[in-house]
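I opened this notebook to record what I looked up, entry by entry: the sheet, the salt bridges and the charged surface.

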Amino acid sequence: VFSSPLLSTRKWEEDAKLLCAKLPETARSAIAKANRSQRFHSPEFRRATQLHFRRHVFRRKEFSPEMQISAFNETLYHRLWGPSEFLCTGSLKRFNAEPILRTIDVPTMFLRGEHDEVMKDTLSSFAQLVPKSQLKTLAGCSHLGYQEEPAAYLQTIRGFLRRLKRTH
């Protein structure tokens, strides 16, 4: 199961640009300015990032108790991705798992949220590389579908596994 996966940094950044284009002009301008200047701490940029986050990363008002006690490791995130969700400058800059996907020869599910950062067309292109794959979209969810709709998320994965068990 690939759940809202980053499988190609280039495609992730392309999706981020498409999603950014749907933000209000003030947000788009703040993101563009931060990307050009490499200064990501302005209040305008933070507001734009929060708007993107609320639309495409986590749409609920509160995290579950489990998520509230887990710590987001900003240092690790910056080292791997960078200071902005919209521009990769970290060690994942050239990451591309597409060649590996072609070698997968087991039933595989690609799972995303309806409002996810990873766009449906992008995930569909990955699924097409895996012969025994299927694409599922969780209605009303974004990137953290397992937090937004945990029952539906688990039901989707369990259903996939049950179908595998019946056929193997």
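Before reading any accessibility, I fixed the terms: buried means under 20% relative accessible area, exposed means over 50%, and partly exposed covers what lies in between. I also noted that I am working with a predicted model.

**Entry 1, the sheet.** I began with the strands and found three of them in an open sheet, ordered E1-E2-E3, with parallel pairing. Strand E1 (2-3) and E3 stand at the edges with a single partner strand each, so each has one side without a neighbour in the sheet. I then went through the pairings: strand E2 (residues 108-113) is joined to E3 by six bridges in the parallel sense, and E1 is joined to E2 by two bridges, again parallel. For the register I looked up single positions: threonine 108 is opposite serine 133 in E3, and glycine 113 is opposite leucine 138 in E3. On the E1 side, serine 3 has leucine 111 in E2 as its bridge partner.

**Entry 2, the cover on E2.** How many of the six residues of E2 are buried? I found six of the six buried, so E2 is largely enclosed by the rest of the structure. Sorting the residues by direction, I noted that Thr108, Phe110 and Arg112 point one way from E2, while Met109, Leu111 and Gly113 point the other way, and that all are buried.

**Entry 3, salt bridges.** I recorded six salt bridges in the structure, and I looked at some of them in detail.

The pair of arginine 28 and glutamate 25 has its closest N and O atoms 2.6 Å apart. Both residues lie in helix H2 (residues 25-37), three residues apart, which is about one turn of the helix. I read a relative accessible area of 29% for arginine 28, which is partly exposed, and of 49% for glutamate 25, also partly exposed.

In the pair of glutamate 149 and arginine 60, the closest N and O atoms are 3.1 Å apart. Glutamate 149 is in the loop between helix H8 (145-148) and H9, and arginine 60 is in the loop between helix H3 (43-56) and helix H4 (65-69), so the pair ties together parts that are 89 residues apart in sequence. Glutamate 149 is partly exposed at 34% relative accessibility, and arginine 60 is partly exposed at 37%.

For lysine 132 and aspartate 105, the closest N and O atoms are 3.6 Å apart. Lysine 132 sits in the loop between helix H7 (120-127) and E3, and aspartate 105 in the loop between helix H6 (98-101) and E2, so this pair ties together parts that are 27 residues apart in sequence. Is aspartate 105 buried or exposed? At a relative accessible area of 51%, aspartate 105 is exposed, because exposed means over 50%. Lysine 132, at 42%, is partly exposed.

**Entry 4, the positive patch.** Finally I turned to the surface, where Lys136, Arg158, Arg162, Arg163 and Arg166 form a positive patch. Which helix gives the largest share of the positive patch? I found that helix H9 (residues 150-167) gives that share, with four residues. Lysine 136 belongs to strand E3 (residues 133-138), and with 32% relative accessibility lysine 136 counts as partly exposed.

Definitions and conventions. Residues are numbered from 1 along each chain as its sequence is written. This is a predicted model: local features need pLDDT of at least 70, side-chain atom pairs count only at pLDDT 80 or more; totals for chains, interfaces and linings use all residues. Side-chain values use heavy atoms; hydrogens and water are left out. Patches are made of residues with over 30% relative accessible area and no salt bridge: like charges are joined within 9 Å, nonpolar side chains (Val, Leu, Ile, Met, Phe, Trp, Tyr) within 5 Å. Accessible areas come from the Shrake-Rupley method with a 1.4 Å probe; for residues, only the protein chains shown count as cover. A salt bridge is a side-chain nitrogen of Lys or Arg within 4 Å of a carboxyl oxygen of Asp or Glu. Lys and Arg count as positive and Asp and Glu as negative; His and the chain ends are not counted. The place of a charge is taken as NZ of Lys, CZ of Arg, CG of Asp or CD of Glu. Buried means under 20% relative accessible area, exposed over 50%, partly exposed in between (1.4 Å probe, protein chains only). Two strands pair if DSSP finds at least two bridges between them.
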